[in-house]
Amino acid sequence: MFTDISPQSGGGPLADVTVLDLTLALAGPFASFLLAGLGARVIKLEHPAAPDPCRQNPPYLGQGGVSLMRSHPDDVSVSALNRLRGKYGVTLDLKQPGARDVFADLLRHADVVLDNFSAGTLDRLGIGYDFGRTVNPRAIYCSISGFGGGGASGTGKAMDSIIQALSGLMMTSGAPGDPPIRVGVPIADLLAPVFGVVGILAALHRRETTGAGQQVDVSMLGVLTSLVAAEPFDLLEACGLAQRTGRMVPRLTPFGIYETADGYVAICAPSEPFARGVFAAMGCPEFEGDPRYATRDARVAHVDELNAAIEAFTRTCTTAALLPLLERHGVPAAAVRAPGEAVRDPRVLARGETVPLDHPRFGRVADVIGMGVPITFSDTGTPALRPAPQLGQDNDLVYGDWLGYGADGVDRLRASRVI
């Protein structure tokens with residue numbers, strides 16, 4: 001391990017783990033953000049002339065607040081502030097002579113190498129897993145790619161919308177006849193790294209027994225398609241239920257999103273007690289004995305009639321009046337909130353599941369909320385994440401101090417354009 005390095009404030013369950021982060025955009029950086037949030041020491045390596053493209057994503061945060069255009073050198077992408085927190089930032093041009101030796105020096109002290117390049121890119125750069133295990137047999141390589149290693153790569157780059165399209169996910173939302181609907185958050189980019197972190201943790205656990213690292217390979221398409229397969233959409237359609245059911249889930253009726261006088265509420269009442277609670281809240285207790293609605297199968301058979309009756313009632317109530325009424329009758333329900341309200345929920349802010357973002361120089365100049373790490377531990381602290389680093393901010397620290405190159409060594413790397 002590197003010498004004379006203090007752990008992040010607060011420690012964390014992965015405080016003894018060092019990660020070399022070669023990732024870009026979102027799928028990879030989100031994985032390394034999670035690892036940093038669990039306490040790992042993450043060293044983010046960027047090409048000096050082509051840094052992580054998230055640094056160029058609008059909006060930007062500057063001294064004057066948030067803007068869609070960068071107007072000052074101190075303006076920082078909110079995406080970068082969000083995704084690069086907790087990491088040490090260095091530059092390294094892996095195509096320059098001598099860069100592989102620098103990478104090897106880093107790798108000797110690392111536990112994990114993380115990338116989300118197209119399959120085979122690290123091998124072409126000469127730093128793939130075959131190289132890595134000769135340098136450090138304990139190293140774990142994790143690759144998050146669109147289509148996985150060793151197989152057909154698919155057409156084009158693995159952008160989130162491409163993965164959503166190929167996975168079938170776009171044809172699960174909306175009503176029959178609607179065009180494909182893209183999930184608003186980049187869900188493939190966010191779910192694949194979660195599985196990558198699960199794989200890394202499993203490999204670290206296995207290493208405790210074998211002493212050896214291994215390669216972890218996660219496919220974005222595989223992750224999203226496996227989750228689509230959690231629901232038997234095609235079988236339900238064969239049984240007469242449409243694959244796309246809009247705001248409702250017919251097989252669990254009453255279950256869905258219902259309009260109110262001033263918004264929408266989610267009502268989830270699939271069981272008999274919950275359904276009876278809905279009927280009581282509506283002032284229609286007789287529905288409980290109505291053969292059309294008395295059982296789950298009957299409600300499914302008469303789904304359109306029942307949902308029309310429920311929504312005719314909910315439209316007469318404001319959301320604020322409807323929710324306590326449903327709660328009194330034991331019905332699970334919630335208001336449909338806009339993202340801006342949801343991420344500022346005092347409950348999630350208090351648990352660090354979302355967090356205010358500061359400008360690294362000017363501090364709290366605007367009300368900007370970013371992602372936290374939504375895990376708490378009873379006995380293990382969680383680290384206070386350092387701000388997102390500027391490009392190459394920690395070159396002197398990591399290369400000069402941690403690797404022991406000294407100031408002259410770092411100057412030579414700069415002069416030769418390795419960093």
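## Starting at the chain end

Let us begin with R417, which is exposed, with a relative accessible area of 63%. R417 lies in the segment after α17 (406-415). Its phi is near 65°, a positive value in a residue other than glycine. Please keep in mind throughout that this is a predicted model.

A25 also has a positive phi, near 70°, and is likewise a residue other than glycine. You will find A25 in the loop between β1 (18-21) and α1. At 33% relative accessibility, A25 counts as partly exposed.

## The chain as a whole

Stepping back, the chain has 419 residues, and 46% of them count as buried. Its secondary structure comprises 17 helices and 14 strands. Taken along the principal axes, the box filled by the C-alpha atoms is roughly 85 × 50 × 45 Å.

How does the sequence come together in space? Among contacts between residues at least 6 apart in sequence, 67% join residues at least 24 apart.

## The largest pocket

The largest pocket has a volume of about 960 Å³. It is lined by 31 residues, and those closest to its centre are F30, N82, V185, L190 and M371. Four elements each give two or more residues to this lining: α1 (27-37), α2 (78-83), α7 (187-210) and β14 (369-371).

Which element supplies the largest share of the lining? That is α7, with six residues. By residue type, the lining of the largest pocket divides into 22 nonpolar, six polar and three charged residues.

## A strand covered on both faces

Now look at strand β6, residues 87-91. Five of its five residues are buried, so β6 is largely enclosed by the rest of the structure. Both of its faces are covered: on one side are K87, G89 and T91, on the other Y88 and V90, and all are buried.

Strand β2 (residues 41-46) pairs with β6 in the parallel sense, over five bridges. To trace this pairing on the structure, you can start from I43, whose bridge partner in β6 is Y88.

## A hairpin to follow

Another pairing joins β10 to strand β11 (residues 264-268); the two run antiparallel, with five bridges between them. The hairpin that connects β10 to β11 passes through four residues. F255 is a handy place to start, with C268 as its bridge partner in β11.

Just ahead of this hairpin is a cis peptide bond, from T253 to P254, with omega near 0°. P254 lies in the loop between α9 (233-238) and β10. Another cis peptide bond joins P58 and P59, where omega is about 0°. P59 is placed in the loop between β2 and β3 (60-62).

## Salt bridges across the chain

The count of salt bridges comes to 23. One of them is formed by D74 and R361, whose closest N and O atoms are 2.6 Å apart. This pair links distant parts of the chain, 287 residues apart: D74 is in the loop between β4 (65-67) and β5 (76-77), and R361 is in the loop between β13 (354-356) and β14. Is each partner buried or exposed? D74 is buried, with a relative accessible area of 19%, whereas R361 counts as exposed at 59%.

The side chains of E272 and R299 also meet in a salt bridge, at 3.1 Å from N to O. Here the partners sit in two helices, E272 in α10 (residues 272-282) and R299 in α11 (residues 296-301), 27 residues apart. E272 is partly exposed, with a relative accessible area of 28%, while R299 counts as buried at 0%.

## A linked network

A further salt bridge brings us back to β10. R315 pairs with E259, their closest N and O atoms being 3.2 Å apart. R315 is in the loop between α12 (303-314) and α13 (319-328), E259 is in strand β10 (residues 255-259), and 56 residues separate them. R315 counts as partly exposed at 44% relative accessibility, and E259 counts as partly exposed at 26%.

Which residues are linked in a network of salt bridges? R315 and E259 belong to this network, along with R247 and E311.

Terms used. Residues are numbered from 1 along each chain as its sequence is written. This is a predicted model: local features need pLDDT of at least 70, side-chain atom pairs count only at pLDDT 80 or more; totals for chains, interfaces and linings use all residues. Side-chain values use heavy atoms; hydrogens and water are left out. On a 1 Å grid over the protein atoms alone, a cavity is a set of points where a 1.4 Å probe fits but cannot get out, and a pocket is an open set with protein on both sides within 12 Å along at least five of seven lines; lining residues have an atom within 4 Å of a point. Grid points are joined across faces, edges and corners, and a volume is the space filled by probe spheres set on the points. Ala, Val, Leu, Ile, Met, Phe, Trp, Tyr, Cys and Pro count as nonpolar, Asp, Glu, Lys and Arg as charged, and the others, Gly among them, as polar. Buried means under 20% relative accessible area, exposed over 50%, partly exposed in between (1.4 Å probe, protein chains only). Two strands pair if DSSP finds at least two bridges between them. A salt bridge is a side-chain nitrogen of Lys or Arg within 4 Å of a carboxyl oxygen of Asp or Glu. Contact means heavy atoms within 4.5 Å.
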